[in-house]
Amino acid sequence: SRLLQSVLSRAVTLLGAAGGELATYDESKGELIIAANHNMREDSRGTHLKIGEGAMGLVVRTGEQLMIPDYQTWSGRAQQYARIDAHAVVVAPLLIGHRAVGAINVWHEDPARAFGDADCRLLNLFGQQAAVALENARLFTAARRQRQYFEDLVRNNPVAIVVLDVEHSI
């Protein structure tokens, strides 16, 4: 979570944005969970969004970036963000291949400020960095679980040692 917070904070700073959020996608529940936020009036970490809900939910569903020039008038705004004074918003998916693992957004409250193509490309780079970090964490956790499973198997079933040795040597 510290790495995700760092990625988001750097994206906000380099894009000259006022704030932003980064969400991870829980595919089993079909929802996004805000994992990091920067300069939000309220701490949004732990907030759940359904796929298709709000800008981040839409980006995870489509797998494509989204630029919103005026979030206040955007019809897809999520209810929990009704009080945020965001105007310009840009959102990028966190993709591993074609699989969405989350989304990152940055926003600005100045109505005169707009995000452009260069901002989208830069946010995409931050999104890719966050996606790789999430995938590495997922793979590390899966490897740790598998190792624990085999350690438990060997500890609780001495016959398994012989079977594993025979299979390994074949």
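## Sheet, helices and charged pairs in a predicted model

In this predicted model, Leu-32 has Leu-49 of strand β3 as its bridge partner. That pair belongs to the antiparallel pairing of β2 with β3 (residues 48-50), which runs over three bridges. On to the neighbouring pairing: strand β1 (residues 19-26) and strand β2 (residues 31-38) are also antiparallel, here over seven bridges. Within this pairing, Glu-21 is matched with Asn-37 of β2. Four residues separate the two strands of the β1 and β2 hairpin, and Gly-30 there adopts a positive phi near 65°.

The wider arrangement is an open sheet of six strands, pairing in the antiparallel sense in the order β3-β2-β1-β6-β5-β4. Because β3 and β4 (66-68) stand at the edges with a single partner strand each, one side of each has no neighbour in the sheet. From one strand to the next, the twist averages 25°. Strands of a sheet are held in their pairs by backbone hydrogen bonds, in either a parallel or an antiparallel sense. Elsewhere in the order, strand β5 (residues 88-96) pairs with strand β6 (residues 99-108) in the antiparallel sense over nine bridges. One of the matched positions is Val-89, whose bridge partner in β6 is Trp-107.

Two helices can be placed against this framework. Helix α1 (residues 2-14) lies across β1, β2 and β6, and runs at about 65° to β2. In helix α2 (residues 54-62), the buried residues are Gly-54, Ala-55, Met-56, Gly-57, Val-59 and Val-60. The cover over these buried residues of α2 includes β1, β2, β3, β4, β5 and β6. Just after α2 comes Gly-63, with a positive phi near 75°.

A positive phi also turns up in a residue other than glycine: Asn-39 has a phi near 60°. Asn-39 sits in the loop between β2 and β3. With a relative accessible area of 52%, Asn-39 is exposed.

Glu-31, in strand β2, deserves a closer look. Which side chain of opposite charge is nearest to this buried residue, Glu-31? It is Lys-29, at 4.7 Å, and Glu-31 has no salt bridge. The reason is the cut-off, because a salt bridge calls for a side-chain nitrogen of Lys or Arg within 4 Å of a carboxyl oxygen of Asp or Glu. Glu-31 does have a polar partner, however: a polar contact of 2.6 Å joins its side chain to that of His-48. Beyond its neighbours within four places in sequence, Glu-31 is in contact with Thr-24, Tyr-25 and Asp-26, and also with His-48, Leu-49, Lys-50 and Ile-51.

How many salt bridges does the model contain? The count comes to three. One of them joins the side chains of Asp-43 and Arg-45, at 2.6 Å from N to O. Asp-43 is partly exposed, at 49% relative accessibility, and Arg-45 is likewise partly exposed at 49%.

Another salt bridge links Glu-135 with Arg-99, where the closest N and O atoms are 2.9 Å apart. Glu-135 lies in helix α3 and Arg-99 in strand β6, so this pair ties together parts that are 36 residues apart in sequence. Glu-135 is buried, with a relative accessible area of 11%, whereas Arg-99 is partly exposed at 31%.

The salt bridge between Arg-113 and Asp-119 has its closest N and O atoms 3.8 Å apart. Arg-113 counts as partly exposed at 22% relative accessibility, and Asp-119 counts as buried at 17%. These two labels follow from the cut-off for burial, because a residue is called buried under 20% relative accessible area.

Finally, Glu-109 lies in the loop between β6 and α3 (117-156). Glu-109 is partly exposed, with a relative accessible area of 37%. Not counting residues up to four places away in sequence, Glu-109 touches Ala-18, Arg-41, Asp-85, Ala-86 and His-87. Between Glu-109 and Gly-52 there are 23 Å in space, C-alpha to C-alpha, and the two are 57 residues apart in sequence.

Notes:
Residues are numbered from 1 along each chain as its sequence is written. This is a predicted model: local features need pLDDT of at least 70, side-chain atom pairs count only at pLDDT 80 or more; totals for chains, interfaces and linings use all residues. Side-chain values use heavy atoms; hydrogens and water are left out. Two strands pair if DSSP finds at least two bridges between them. Axes are lines fitted to C-alpha atoms, for helices over the stretch in contact, and angles run from 0 to 180 degrees between N-to-C directions. Contact means heavy atoms within 4.5 Å. Buried means under 20% relative accessible area, exposed over 50%, partly exposed in between (1.4 Å probe, protein chains only). Lys and Arg count as positive and Asp and Glu as negative; His and the chain ends are not counted. A polar contact is a pair of N or O atoms within 3.5 Å; within protein, one must be able to donate a hydrogen and the other to accept it, and residues adjacent in sequence count only if both atoms are side-chain atoms.
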